[in-house]
Amino acid sequence: MDEGIFGMFLGFVTLLIPIIAILTYHQRKMAEIIHSRAHSEQLQAETEALRREVAQLRDRLNHQLLEADNRQRLIREIPEPPIRPSV
């Protein structure tokens, strides 16, 4: 009777080893997927932040160019002072 129980136990352990291997493989793959997704989300957030920064810089540059053009136009519109004869 003890040999029958031992045989069943040995059969159970033999079937349990591949099941554990499959479960650990699955767990490892899921961890890789989760880490890659987190990394992908981080890269996407960084990319969006860079896009916003570039847009802000572009707006600032356009604003400064318009101000410079306005200053040059105003300078051109200032009449030259009349020349006074020296005494």
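Thr14 lies in helix α1 of what is a predicted model, and with a relative accessible area of 48% this residue is partly exposed, because the exposed class begins only over 50%. The helix that holds Thr14 covers residues 2–77, and the secondary structure of the protein as a whole comes to one helix and zero strands. The radius of gyration is 39 Å, well over the 12 Å that the globule rule gives for 87 residues, so the protein is more spread out than a compact globule. In keeping with this description, the C-alpha trace spans about 135 × 20 × 10 Å along its principal axes, and the C-alpha atoms of Thr14 and Gln64, which are 50 residues apart along the chain, are separated by 76 Å.

With regard to the surface, 0% of the 87 residues of the protein count as buried, and the accessible surface comes to about 8800 Å², of which 64% belongs to carbon and sulfur atoms. A nonpolar surface patch of about 470 Å² is formed by Phe12, Leu16, Ile19, Ile20 and Leu23. Among these residues, Ile19 is placed in helix α1, and Ile19 counts as partly exposed because its relative accessibility of 45% falls between the limits of 20% for buried and 50% for exposed.

As for charge, the protein carries 11 positive and 12 negative side chains, and a distance of 11 Å separates the centres of the two sets.

Methods:
Residues numbered from 1 in each chain as written. Predicted model: local features only at pLDDT ≥ 70, side-chain atom pairs only at ≥ 80, totals over all residues. Heavy atoms only, no water. Helix = DSSP H or I, 4+ residues; strand = E, 2+ residues; numbered from the N terminus. Rg over C-alpha atoms; globule rule 2.2 N^0.38 Å. Buried < 20%, exposed > 50% of the residue type's maximum accessible area, 1.4 Å probe, protein only. Areas by Shrake-Rupley, 256 points an atom, 1.4 Å probe, with all protein chains shown as cover. Lys, Arg positive; Asp, Glu negative; His and termini not counted. Charge placed at Lys NZ, Arg CZ, Asp CG, Glu CD. Patch = residues over 30% accessible without salt bridge, like charges linked within 9 Å, V, L, I, M, F, W, Y side chains within 5 Å. Salt bridge = Lys/Arg side-chain N within 4 Å of Asp/Glu carboxyl O.
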